[in-house]
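Got the model open in your viewer? Let's walk through it stop by stop, selecting as we go.

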Amino acid sequence: MFEVESLPQESAPKSECASDSARSARLYRPLTDIIESDDGVELRIEMPGVSSEDVELELARRVLTIKGHVQSTKPEGFTRGYWEYGEGDYERAFTLSEDLDGSRIDAQICDGVLSVVLPRAERAKAHRMAVKAA
Amino acid sequence: MLYPASTFLRRDPFSLVRRFHGDFANGTRGYPFVNLWHSQDRVAITAEVPGVDPADIDISVKDNLLVFSGERKADTMPEKTLWHQRERNFGKFSRAVRIPFNLDPDKTEARVRNGVLEVVVHRREEDKPRRIEVKAA
């Protein structure tokens, strides 16, 4: 039915990872919630440090690739001390089912959480028929 | 060191390694993870807090301790929703960071940008090292 699943990590092109490394050292797979309702499917993806201009969504052959470029949070005039988390770009790919309309994808980012709404295709919506008494 | 055979015959062959690693990591790290930056009289702390409303973050400063706490509120869901995948976590959090000098609460600045919290704390004026001039007798 509605198969929205992440691709195995190996399917990400290696060369692309290498070219991305010029911008920042690491590539992270962001944590994602996938929620389905009557109207479609929503992805909620945690991308701290990514602003709305730095998100890239690409849909090719039903594979939705989401990339986020992190602006360094290094404060001006400070040197790096103790370190618990790493900074890097985010990338994750999802395969969309036929039931979702790829042409009406809506995305917005708020407080570092990207929300991608994939509406259900018109033809996939359930139709209710009334049964008349004879 | 000798381990009884039963240790290895469990379903998870890496449980020993995992337990060892867990012992190591649990005490020192907690959500949210923080990075520390320093300069002469200031320390900056950055923490990733995606999905947290900046208004929900409380920051307090006392002596040399900086505490920040808040809540990751679970999103409101329309009725009849189906979860396909759930990786994000929600709930209250609190983190204390000890800074190697006494802090000036009036000069503490904090901002949240794209889900990353940044707090800059200043060293107390009385705490700063003073240069003493040496006079010739």
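Start with the sheet that takes strands from both chains: select β9(A), β10(A), β4(A), β3(A) and β5(B), and you have the five strands of an open, antiparallel sheet in that order. Keep in mind that this is a predicted model. Now colour the two ends of the sheet, which are β9 (106-110) of chain A and β5 (82-85) of chain B. Each has a single partner strand, so one side of each is left without a neighbour in the sheet. Turn the view and check the twist: neighbouring strands here are turned by 20° against each other on average, ignoring direction. As a general reminder while you look, strands of a sheet pair through backbone hydrogen bonds, either parallel or antiparallel.

Stay in this sheet and zoom in on two of its chain A members. Residues 32-37 are β3(A) and residues 40-46 are β4(A); six bridges hold this antiparallel pair. To see where the partners face each other, pick S37(A) and you'll find G40(A) of β4(A) opposite.

Next, hop over to chain B and select residues 58-62 and 65-72. These are β3(B) and β4(B), running antiparallel with five bridges between them. Click V61(B): its bridge partner in β4(B) is L66(B). Then look at the turn, where two residues sit between the strands of the hairpin. One to check is D63(B), which takes a positive phi near 45°.

While chain B is selected, zoom out to take in the whole chain. You should count one helix and eight strands. Follow the chain from the N terminus and the helix comes before the strands, in the order α-β-β-β-β-β-β-β-β. Colour by burial, and 29% of the 137 residues of chain B count as buried. Switch on its surface: the accessible area is about 9,700 Å², and 52% of that belongs to carbon and sulfur atoms. If you like contact maps, take the chain B contacts between residues at least 6 apart in sequence; 50% of them join residues at least 24 apart.

Now for the rings. How many aromatic pairs are there over all chains? The count comes to two. For one of them, show Y28(A) and Y90(A) as sticks: the ring centres are 6.3 Å apart and the planes meet at 45°, so this pair is tilted. Y28(A) belongs to β2 (residues 26-28) of chain A and Y90(A) to β8 (residues 88-95) of chain A, so the pair ties together parts that are 62 residues apart in sequence. Is each ring residue buried or exposed? Y28(A) is partly exposed at 26% relative accessible area, whereas Y90(A) counts as buried at 8%.

Then select W83(A) and W37(B), an edge-to-face pair with 5.2 Å between centres and 80° between planes. W83(A) sits in the loop between β7 (79-80) and β8 of chain A, and W37(B) in β1 (residues 34-38) of chain B, so this pair joins two chains. W83(A) is partly exposed, with 26% relative accessible area, while W37(B) is buried at 4%.

Don't leave W83(A) yet. Add R80(A), and you'll see its charged end over the ring of W83(A), 3.8 Å from the centre. For the last stop, go to chain B and select R86(B) with W83(B): the arginine lies over the face of the ring, at 3.8 Å from the ring centre.

Definitions and conventions. Residues numbered from 1 in each chain as written. Chains lettered and ligands numbered in written order. Predicted model: local features only at pLDDT ≥ 70, side-chain atom pairs only at ≥ 80, totals over all residues. Heavy atoms only, no water. Pairing = 2+ DSSP bridges. Helix = DSSP H or I, 4+ residues; strand = E, 2+ residues; numbered from the N terminus. Axes fitted to C-alpha atoms, helices over the stretch in contact; angles between N-to-C directions. Buried < 20%, exposed > 50% of the residue type's maximum accessible area, 1.4 Å probe, protein only. Contact = heavy atoms within 4.5 Å. Areas by Shrake-Rupley, 256 points an atom, 1.4 Å probe, with all protein chains shown as cover. Phe/Tyr/Trp six-rings, centres within 6.5 Å; stacked < 30°, edge-to-face > 60°. Lys NZ or Arg CZ within 6 Å of the ring centre and 35° of its normal.
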